[in-house]
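Student: Could we work through this model together, beginning with its main pocket and then turning to the wider fold?

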Amino acid sequence: MAKEPQTPLDDELARHEHEAEGAEQAEEKVAEERLMEGELEGLVDEEELLEGNIDNPEAEMLAAQVSELEQSLTEAKDQALRAAAEAQNVRRRADQEAEKARKFALEKFVKELLPVVDSLEKALEAMEEGASDAHREGVSMTLKMQLDVLNKFGVESIEPHGEPFDPQVHEAMTMVPSPDMDPNTVMDVMLKGYLLNGRLVRPAMVVVSKKAD
C-alpha cells in the first residue's frame with residue numbers, strides 16, 4: 001500500500017509537535033536544575049545554622065556558667081565532708097575528755113585517802129602479841145573496807161617486791177648491795193604505790209639492790 005504524500009498541514013502539525021516536545025524537555029531540565037539549586041541552598045543554610053550555634057556567644061557563656069556551677073558544687077561537697085569529719089573529731093575528743101574526767105575525777109580524793117590506808121596498815125603491823133584479837137580484827141576489817149572501796153573505784157596497789165625496778169611506777173629510796181639478788185631488783189617495799197584506772201597516783205617507795213662490792 002503506497003504511502004500517502006504529506007500535505008503542508010501535516011508538516012505544520014509535525015513541526016508543532018516537535019517544538020512542543022522540545023519545550024517540555026527544556027521545562028523538565030529547568031525544574032531539575034532548580035530542585036538541585038534548592039537542595040544545595042538548604043545544605044548551605046544548615047551549615048550556616050550549625051556554625052552559628054558553635055560560634056554563638058550566648059551558648060558559650062551558658063556553658064561557662066554551667067562549668068563554674070559544677071566546680072562550685074564540687075567545692076561545696078568537699079567543704080561539707082570536711083565539716084562533717086571535723087565535727088566527728090570534735091565529738092570524739094569531747095567523749096574522750098568526758099571519759100577521762102569520769103575515770104580520774106577521784107584522783108585528788110584518793111591521794112588524800114591513801115595516808116589513812118598507810119596508817120591502818122602500819123598499825124596492824126605494829127600490834128604486839130599482847131593486843132587483843134578483837135582489836136586486831138577491828139583494825140583489819142577497817143583496812144579491808146577501805147581497800148574494797150578503793151578497788152571498787154578502780155584503785156589498785158603496787159607491791160613490786162622481787163620485781164625489776166621500773167622508774168615509771170617505782171621510786172628508789174636507797175640502793176643496797178646484795179649478793180643474792182640481781183642488780184636493780186626491788187628488795188623491799190617501804191610504801192606501796194597505787195594506780196587509779198591505770199594512771200599512777202603514787203609511786204611505790206622501794207629499796208633497790210645493786211651489785212655487791
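Student: How do the residues of the lining of the largest pocket divide into nonpolar, polar and charged?

Tutor: Bear in mind that this is a predicted model. The lining of the largest pocket consists of D118, E121, K122, E125, E159, V189, M190, L191 and K192. Sorted by class, these lining residues come to three nonpolar, no polar and six charged.

Student: Which element gives the most to the lining of the largest pocket?

Tutor: The largest pocket, with a volume of about 160 Å³, takes two or more lining residues from each of α3 (107-126) and β3 (186-191). The element that gives the most to this lining, with four residues, is α3.

Student: Is K211 buried or exposed?

Tutor: K211 lies in the segment after β6 (204-210), and, leaving aside residues up to four places away in sequence, K211 touches P177 and P183. Exposed requires a relative accessible area over 50%. Because the relative accessible area of K211 is 65%, K211 is exposed.

Student: What share of contacts in the protein between residues at least 6 apart in sequence joins residues at least 24 apart?

Tutor: Along the sequence, the protein follows the pattern α-α-α-α-β-β-β-β-β-β, with four helices and six strands. One pair separated in sequence is K211 and M181, which are 30 residues apart along the chain and 8.4 Å apart in space, C-alpha to C-alpha. For contacts between residues at least 6 apart in sequence, the share that joins residues at least 24 apart is 62%.

Methods: Residues numbered from 1 in each chain as written. Predicted model: local features only at pLDDT ≥ 70, side-chain atom pairs only at ≥ 80, totals over all residues. Heavy atoms only, no water. Contact = heavy atoms within 4.5 Å. Buried < 20%, exposed > 50% of the residue type's maximum accessible area, 1.4 Å probe, protein only. 1 Å grid on protein atoms, 1.4 Å probe; cavity = no way out; pocket = protein on both sides within 12 Å on 5 of 7 lines; lining within 4 Å. Points joined across faces, edges and corners; volume = space filled by probe spheres on them. Nonpolar A, V, L, I, M, F, W, Y, C, P; charged D, E, K, R; others polar.
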